[in-house]
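Q: I am new to this structure and should be grateful for a close look at a single part of it. Please describe how the pieces of that part are arranged and which residues bring them together.

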Amino acid sequence: MSNEETVTIKDNTTGKEVTMPLLTPTAGPKVIDIGKLYKELGYFTYDPGFMSTASCSSAITYLDGAEGVLQYRGYPIEQLAEHSSYLEVCYLLLNDHLPTRSELDEFENTITMHTMLHEAMIRFFSGFRRDAHPMAIMVGVVGALSAFYHDHMDIHNEEHRMITAYRLVAKMPTIAALSYRFANGKPFVYPRNQLNYTENFLYMMFSMPTDDYTPDPLLAKALDLIMILHADHEQNASTSTVRLAGSSDANPFAAVASGIAALWGPAHGGANEAVIRMLININESGKPLQHFVDRAKDKNDSFRLMGFGHRVYKNYDPRAKLIREVCHQLLNDMESSGEQQKLLDTAMALEKVALEDDYFVERNLYPNVDFYSGIIFLAMGIPMNMFTVIFAMARTIGWISQWNEMMADKEAKIGRPRQLYTGEIDRDYIPIDKR
Ligand code: CMC
C-alpha cells in the first residue's frame, strides 16, 4: 500500500482545508484515510450501511463487484472450486499460502482430531426446547465453547489463536449435526475419523444406529464445493460483527457466536432458507409467478425476491455461476419427490423471469449464491432450517481467519463508530405527577 497521493477536502463555510492520504490497495478502489478528519476539521463522516467505508485493511479475500471477481489470498474462486478442497481452502485462508502435501496431511489430521465435543457440552443441547431453530441452538452452543475451552486462550499468542481456529473448524459440523439431531429427536451420532470433512457431516446428520450408512460421494463432493464457495467473503455483515465483537479482546468463540447471529438474518445468510419458504408460498398461493415478480417491483410492497441482488456484486455473483452449474447437474442426477420437483421447477421459472425482466436487468439483480444453495440443499434432502447452519459452518473459517488477522494487526483498535445525533437535547426532568 503506498500513500504518496492525497485528497484535500474544503469546508465551504470556514474555508478550512484538510489534506488526507489516499491509500492504494493491491487491487480495488483507492481509500481515503480519514483518521485525522475529526481532529483537524471537527467533523465525522456519515455512511449508513457502510456504502463507501473500508472498515479495516485485510489481505485475505478480494472482491470486485463490478467485474464479478472473488479471490481467496489471490487465488480465483473458479480455480479453487475446480482443484481444491474445503480443508485446503481453510488452510489457505488461515495461512496465506497453499499447503504442501505434508502440511495439508497434518492440517487434515489436526482437524479430524478436534471434531469431538466435551461430553458435558452434549448435555447442553437437551436444555433447548424441542422446536428450537438449529441456528438458535448454534448461536448458544458456539458461544458456550468459551466456557469449555479455557486452555490455550491467550488471544495475543499466535499459536493459541491457531488452536482456537482448529477447534472451531473441527467442531462446527459436530455442533451443526447435533443441533439437527436434537430438534428431530434423533440419537446423537459421534464423528468418525476415517471419513473426510463433508462425509463426516453427512454421516452425523443422516446415519442411524440401526443401519449402515455410507455417505453418497456425489453429495459429499457437492457439499465440499458449496463450503468452498461460502468460506469467506470479505467484510460482510457477519464478518464485520465478528471483528467488532473481537476488537474488545472478547473471547473468540463468543465473537464467532455473534457472527452466527448476524448471519441468520434473511438479508444475509438466512436468505437460502427464505428462498425455499418463498417458493413454497408461491406454489401454495396458486397465483402466477408474474404476480410475485410484480410485487417485488412494487415500491409500496416490502416483498423482495429472496436470493436475488447483492450489495457488492453488480455483475453475476461468481459463486452463483459455479453453484448454478452444480445445481442443474445435481437436479439431473438425483431423484426428487413430486413436491420437491414442483419447488425446483418454480425456482427455475423464477430464475428465467427475473433474468429477462427489465427491472432486474437494469438494477443488476442477478440470482445470488443463496438462491442456488437453497435449491441444492433441498434436493440433497437437507431440512430447510439447516440451510443457514451449513452456511455458518462454511463461513467459520472466514470469521476466524479475519479475527486472527485483526488480532495480529498492530493498527487494529477497538471498533467504536460515532453517530449523527438527531434526538432532543438539554431537557429538564419533569416529576412524574407533572407530566
Ligand atoms: N427483489 C426486488 N428488488 C430488489 C431486490 C430483490 N431481491 N434486491 C434489491 N432490489 C432493488 C431495491 O429495491 C433497489 O431498488 P431502487 O434502486 O429502485 O430503490 C435496488 O434494487 C438496489 O437495492 P438495495 O436494497 O439498495 O441494495 P442493498 O445493497 O442495500 O441490498 C441485498 C442488498 C442483498 C440486501 C438485497 O438485494 C436483498 O434484500 N436481496 C434479497 C435477500 C438476499 O438474497 N440476500 C442474500 C445476499 S447474498 C449472500 C449473503 O450476503 O449472505
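A: The account below begins with one helix, moves to its contacts, and then follows the neighbouring segments.

The model is predicted: local features are reported only where pLDDT is at least 70 and side-chain atom pairs only at pLDDT 80 or more, whereas totals for chains, interfaces and linings use all residues. Residues are numbered from 1 along each chain as its sequence is written, and side-chain values use heavy atoms, with hydrogens and water left out.

The starting point is Asn 272, which lies in helix H12, residues 271-285. Helices here are DSSP runs of H or I with at least four residues, strands are runs of E with at least two, and both are numbered from the N terminus. The relative accessible area of Asn 272 is 0%, so this residue is buried. Buried means under 20% relative accessible area, exposed means over 50%, and partly exposed covers the values in between, with a 1.4 Å probe and protein chains only.

The side chain of Asn 272 forms a polar contact of 3.0 Å with the side chain of Thr 388. A polar contact is a pair of N or O atoms within 3.5 Å; within protein, one atom must be able to donate a hydrogen and the other to accept it, and residues adjacent in sequence count only if both atoms are side-chain atoms. When residues up to four places away in sequence are not counted, Asn 272 touches Asp 370, Ser 373, Gly 374, Phe 377, Phe 387, Thr 388 and Phe 391. Contact in this sense means heavy atoms within 4.5 Å.

Glu 273 is also found in helix H12. Its relative accessible area is 8%, and Glu 273 is therefore buried. The side chain of Glu 273 is joined to that of Arg 277 by a polar contact of 2.6 Å. Once neighbours within four places in sequence are set aside, the contacts of Glu 273 are His 133, Met 384, Asn 385, Phe 387 and Thr 388. Phe 387 and Thr 388 thus appear in the list for Asn 272 and again in the list for Glu 273.

These contacts lead to helix H18, which spans residues 387-408 and packs with helix H11, residues 252-263. Their axes come within 10 Å and cross at roughly 135°. Axes are lines fitted to C-alpha atoms, for helices over the stretch in contact, and angles run from 0 to 180 degrees between N-to-C directions. The two helices, H11 and H18, are therefore oblique to each other. Angles under 35 degrees count as roughly parallel, those over 145 as roughly antiparallel, those from 65 to 115 as roughly perpendicular, and the rest as oblique.

The crossing of H11 and H18 is right-handed. That term applies when the near helix is turned clockwise from the far one by less than a right angle, and left-handed applies when it is turned anticlockwise. On the H11 side, the contact is made by Pro 252, Val 256, Gly 259, Ile 260 and Leu 263. On the H18 side, the contributors are Thr 388, Phe 391, Ala 392, Trp 399, Ile 400 and Trp 403. Two of these H18 residues, Thr 388 and Phe 391, are likewise touched by Asn 272.

The segment that leads into H11 comes next. Asp 249 sits in the loop between helix H10, residues 237-246, and H11. Although Asp 249 is not a glycine, its phi is positive, at about 65°. Its relative accessible area of 40% makes Asp 249 partly exposed. Within helix H10 itself lies Leu 244, a partly exposed residue with a relative accessible area of 45%. Leu 244 and Ala 255 are eleven residues apart in sequence, and their C-alpha atoms are 8.2 Å apart in space.

The segment after H18 holds Asp 426. Its phi is near 50°, again a positive value in a residue other than glycine. Asp 426 counts as exposed, at 72% relative accessibility, in contrast to the buried Asn 272.
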